[in-house]
Amino acid sequence: NAFVAIVGRPNVGKSTLFNKLAGRKIAIVEDSPGVTRDRNYTRAEWLNKHFTLIDTGGIEVGSEELIPSLIKKQAQMAIETAHVIMFVVDGKEGVTLGDREIAQILRKSSKPVVLVVNKVDNSKMSENFYDFYELGFGDPIEISASVGLGIGDLLDKVVENFPDDVDLEE
Ligand code: GDP
């Protein structure tokens, strides 16, 4: 089985993207100690390639202090489980400290990372586009999860990034 994790700080649009990509919800699991959260899994398919998508969000963040530990948990979990990581950032807000923290953790792993600039709701480029290169994952893919722009390009890039030995059959 092939796994793709969606990682990013709160409010960048992870759940919106997950729902956009979701086919059939197959499981909701697990409370980890200290933090109650859902981990959503769904099967997704693109051009006859099949994989399981993991949304690492789904937590209410009430205070800023929670964010660093949340981010670490999400990123670590994604690194352990996923073959490809979608790292979602907010094209309207630009690069934030939280983005930099996540990027630092992801860069230490050997997993392929697709950088996804969300909330680009029209054909104009995000005015922050070039700032996202500093995160160290090359060319970002611009999407609008809510409008549904750029999703095909994103899935193309995800599929390209699977290691050769990963089975993308159903
Ligand atoms: P998460 O915390 O990362 O899972 O983010 P959510 O999916 O809950 O989205 C956070 C907020 O951003 C919500 O108000 C969404 O409606 C909004 N949002 C998500 N995707 C987009 C998008 O593509 N464009 C715009 N303008 N807003 C979006």
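## Around the ligand

Let's start with Lys-119: in this predicted model, one of its polar side-chain atoms sits 3.1 Å from an oxygen atom of the ligand. Gly-13 takes part through its backbone, where a polar atom is 3.0 Å from an oxygen atom of the ligand. Ser-146 faces a nitrogen atom of the ligand, with an N or O atom of the serine side chain 3.1 Å away. On its own the ligand has 580 Å² of accessible area, and the protein covers 70% of that.

The ligand is surrounded by 15 residues, and the closest are Asn-11, Lys-14, Ser-15, Thr-16 and Asp-121. Sorted by class, this shell holds 7 polar, 5 charged and 3 nonpolar residues. Helix α1, which spans residues 14-21, supplies the largest share of the shell with 3 residues.

## The chain as a whole

Stepping back, the protein chain has 4 helices and 7 strands. Following the sequence from one end to the other, you will meet them in the pattern β-α-β-β-β-α-β-α-β-β-α.

The protein chain has 170 residues, and 51% of them count as buried. Its exposed area is about 8600 Å², with carbon and sulfur atoms supplying 45% of that. Among contacts in the protein chain with a separation of 6 or more, 68% are made by residues 24 or more positions apart.

## The nonpolar cores

In soluble globular proteins, nonpolar side chains tend to be buried together. Here the largest nonpolar core has 26 residues, and the members that touch the most others are Leu-17, Phe-51, Met-86, Leu-154 and Phe-162. Two or more residues come from each of β1 (3-7), α1, β4 (49-55), β5 (84-90), β6 (113-118) and α4 (151-160). Helix α4 gives the most to this core, with 5 residues. Another core lies apart from it and has 24 residues, including Ala-78, Ile-85, Ile-102 and Val-117.

Phe-162 is a handy residue to click on. Setting aside residues up to four places away in sequence, Phe-162 touches Ala-2, Phe-3, Val-4, Phe-51, His-83, Val-84 and Leu-168.

## Buried residues in β4 and β5

Val-84, one of the residues touched by Phe-162, lies in strand β5. Val-84 counts as buried because its relative accessibility is 0%. Beyond residues up to four places away in sequence, Val-84 touches Phe-3, Val-4, Ala-5, Pro-112, Val-114, Val-158, Asn-161 and Phe-162. Ser-110 is 26 residues away from Val-84 along the chain, and their C-alpha atoms are separated by 10.0 Å.

Strand β4 holds Thr-52, and His-50 lies in strand β4 too. Thr-52 has a relative accessibility of 2%, so it counts as buried. With residues up to four places away left out, Thr-52 touches Asn-1, Ala-2, Phe-3, Val-4, Tyr-41, Thr-42 and Arg-43. His-50 is buried as well, with a relative accessible area of 8%. Leaving out neighbours within four places in sequence, the contacts of His-50 are Ala-2, Arg-43, Ala-44, Glu-45, Asp-167, Leu-168, Glu-169 and Glu-170.

## Three asparagines in loops

Asn-128 is found in the loop between β6 and β7 (141-142). Although it sits in a loop, Asn-128 is buried, since its relative accessible area of 13% falls under the 20% cut-off. Outside its neighbours within four places in sequence, Asn-128 is in contact with Gly-91, Lys-92, Glu-93 and Gly-94. Val-95 is 33 residues from Asn-128 in sequence, yet the two are 7.8 Å apart in space, C-alpha to C-alpha.

Asn-11, among the residues closest to the ligand, has its place in the loop between β1 and α1. Its phi is near 80°, a positive value in a residue other than glycine. With a relative accessible area of 65%, Asn-11 is exposed. Asn-48 lies in the loop between β3 (39-46) and β4, and its phi is also positive, at about 70°, although it is not a glycine. Asn-48 counts as exposed because its relative accessibility is 56%.

Methods:
Residues are numbered from 1 along each chain as its sequence is written. Side-chain values use heavy atoms; hydrogens and water are left out. A residue is near a molecule or strand if one of its heavy atoms lies within 4 Å of it. A polar contact is a pair of N or O atoms within 3.5 Å; within protein, one must be able to donate a hydrogen and the other to accept it, and residues adjacent in sequence count only if both atoms are side-chain atoms. Accessible areas come from the Shrake-Rupley method with a 1.4 Å probe; for residues, only the protein chains shown count as cover. Ala, Val, Leu, Ile, Met, Phe, Trp, Tyr, Cys and Pro count as nonpolar, Asp, Glu, Lys and Arg as charged, and the others, Gly among them, as polar. A nonpolar core is a set of buried Ala, Val, Leu, Ile, Met, Phe, Trp, Tyr and Cys residues joined through side-chain atoms within 4.5 Å. Buried means under 20% relative accessible area, exposed over 50%, partly exposed in between (1.4 Å probe, protein chains only). Contact means heavy atoms within 4.5 Å.
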